[in-house]
Amino acid sequence: MPTAKAVMTHVNASRTSDPAFDWEDRATWAPALRGASAAYVSFYPDLAVPGAPEAIAALADEALSAGVRRLVLLSGRGEEEAQRAEQALQASGADWTIVRCSWFAQNFSEDYLLESVRAGEVALPVADVPEPFVDADDIADVAVAALTEDGHVGALYELTGPRLLTFAEALQDIGRATGRDVRLVPVPIDDYAAELAAHGVPEDVAGLLRYLFTEVLDGRNARLADGVQRALGREPRDFADYARAAAATGAWDA
Ligand SMILES: NC(=O)c1ccc[n+]([C@@H]2O[C@H](COP(=O)([O-])OP(=O)(O)OC[C@H]3O[C@@H](n4cnc5c(N)ncnc54)[C@H](OP(=O)(O)O)[C@@H]3O)[C@@H](O)[C@H]2O)c1
């Protein structure tokens, strides 16, 4: 997903854009915000990491100084630091909207699960806790509405898909969409962490994944929410529809 989107100029700002925007280099923030009237803010690597609330507060300050009043924050569910970051934005004086999301369906086709789905075997430290995976296209629609339409300032939208699915069930949907066998291999969390280290995954990223798969995926988010309906007046897209669309793009072709 883009890190920040300057609405007036339609520029996606991240480390590789021109002008660049780097969360770790505050000198890049003002040039990236210049000329925009609203910004979609996606923190990296994750709002769950320590220091995220302070970074969001600092970005809001910088944005308000640059005349960017409307800020739409992409957030995560059931994460203490993410909820503190939301509070920092709410206290900033900006015209805020919060888009608090469940796990993205696109993690299976565009992110860290892609290679293992292609290989037909996904080893994860998960049990039977269901998650209402949300389609990133729904997130984008809500973000665009919040950035460009009236009526979303001061709203906290909690976005989920329309169905609770275990990881095994999500992979079954992907299997049906691709016509291939894609199965879950549950592994103990310590074995998973050792595997990440063996593949050179940095310690902070491995720590984040451990946190997400143990604490955040403990059942606290195993319920549906109505943010898509409230923001857009329509139902969210089902995981099976996402899986069919992603399969049609060839994302999972071997
Ligand atoms: N994935 C989920 O299931 C999920 C669920 C709920 C909430 N979220 C939230 O969504 C946000 C994005 O997560 P994601 O999974 O979409 O991440 P992602 O796909 O890994 O994000 C990658 C993007 O971040 C940019 N980026 C990387 N380092 C950066 C830096 N130092 N400064 C500026 N941009 C940087 C990259 O562009 P460049 O390489 O060009 O910089 C790229 O566009 C996070 O804040 C997370 O908390 C994610």
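User: Hi! Which residues in helix 2 are buried?

Analyst: Hello! This is a predicted model, and in its helix 2 the buried residues are Ala52, Pro53, Ala55, Ile56, Ala58, Leu59, Ala60, Glu62 and Ala63.

User: What covers those buried residues of helix 2?

Analyst: The cover includes helix 1 (29–33), strand 3 (38–41), strand 4 and helix 3.

User: How many residues does helix 2 have, and how far does it reach?

Analyst: Helix 2 has 14 residues, and the distance from its first C-alpha to its last is 20 Å. That is close to the 20 Å expected at 1.5 Å a residue. Just after the helix comes Gly67, which takes a positive phi of about 85°.

User: Nice. Switching to empty space: how many cavities of 30 Å³ or more are there?

Analyst: The count is two. The second largest cavity holds about 30 Å³ of space.

User: And which residues line the second largest cavity?

Analyst: Its lining is made of Val41, Ile56, Leu59, Ala60, Leu71, Val72, Leu73 and Leu89. Helix 2 (52–65) and strand 4 (70–76) are the elements that give two or more residues to this lining. So we are back at your helix: Ile56, Leu59 and Ala60 are in the cavity lining, and they are also among the buried residues of helix 2.

User: How do the residues of that lining divide into nonpolar, polar and charged?

Analyst: Eight are nonpolar, with no polar and no charged residues.

User: What about the largest pocket: how much space lies in it?

Analyst: About 1,600 Å³. The largest pocket has 50 lining residues, and those nearest its centre are Pro45, Asn107, Asp111, Tyr112 and Leu209.

User: Which elements give two or more residues to the pocket lining?

Analyst: They are strand 4, helix 4 (114–119), strand 6, helix 7 (189–198) and helix 8 (203–216). Helix 8 provides the largest share, with five residues. As for chemistry, the pocket lining has 26 nonpolar, eleven polar and 13 charged residues.

User: Let's talk charges, then. How many salt bridges are counted?

Analyst: The count comes to 20 salt bridges. One of them joins the side chains of Glu86 and Arg100, at 2.7 Å from N to O. Glu86 sits in helix 3 (residues 80–90) and Arg100 in strand 5 (residues 95–101), so the link spans distant parts of the chain, 14 residues apart.

User: Are Glu86 and Arg100 buried or exposed?

Analyst: Both of them are buried. They also belong to a network in which salt bridges with shared partners join Arg77, Glu86, Arg100, Glu158 and Arg223.

User: What about Arg183 and Glu121, how do their side chains meet?

Analyst: Through a salt bridge of 2.9 Å, N to O. Arg183 is in strand 8 (residues 183–186) and Glu121 is in strand 6 (residues 121–124), so this pair ties together parts 62 residues apart in sequence. Arg183 is partly exposed, at 43% relative accessible area, and Glu121 is partly exposed at 44%.

User: One last pair: where are Arg163 and Asp173 in the chain?

Analyst: Arg163 lies in the loop between strand 7 (155–159) and helix 6 (167–178), while Asp173 lies in helix 6, ten residues apart. Their side chains meet in a salt bridge of 2.8 Å, N to O.

User: Why does Asp173 count as buried?

Analyst: Asp173 counts as buried because its relative accessibility is 6%, and the cut-off for buried is under 20%. Its partner Arg163 is at 30%, so Arg163 counts as partly exposed.

Technical notes. Residues are numbered from 1 along each chain as its sequence is written. This is a predicted model: local features need pLDDT of at least 70, side-chain atom pairs count only at pLDDT 80 or more; totals for chains, interfaces and linings use all residues. Side-chain values use heavy atoms; hydrogens and water are left out. On a 1 Å grid over the protein atoms alone, a cavity is a set of points where a 1.4 Å probe fits but cannot get out, and a pocket is an open set with protein on both sides within 12 Å along at least five of seven lines; lining residues have an atom within 4 Å of a point. Grid points are joined across faces, edges and corners, and a volume is the space filled by probe spheres set on the points. Helices (H or I, at least four residues) and strands (E, at least two) are DSSP runs, numbered from the N terminus. Ala, Val, Leu, Ile, Met, Phe, Trp, Tyr, Cys and Pro count as nonpolar, Asp, Glu, Lys and Arg as charged, and the others, Gly among them, as polar. A salt bridge is a side-chain nitrogen of Lys or Arg within 4 Å of a carboxyl oxygen of Asp or Glu. Buried means under 20% relative accessible area, exposed over 50%, partly exposed in between (1.4 Å probe, protein chains only). The expected span of a helix is 1.5 Å times one less than its number of residues. Contact means heavy atoms within 4.5 Å.
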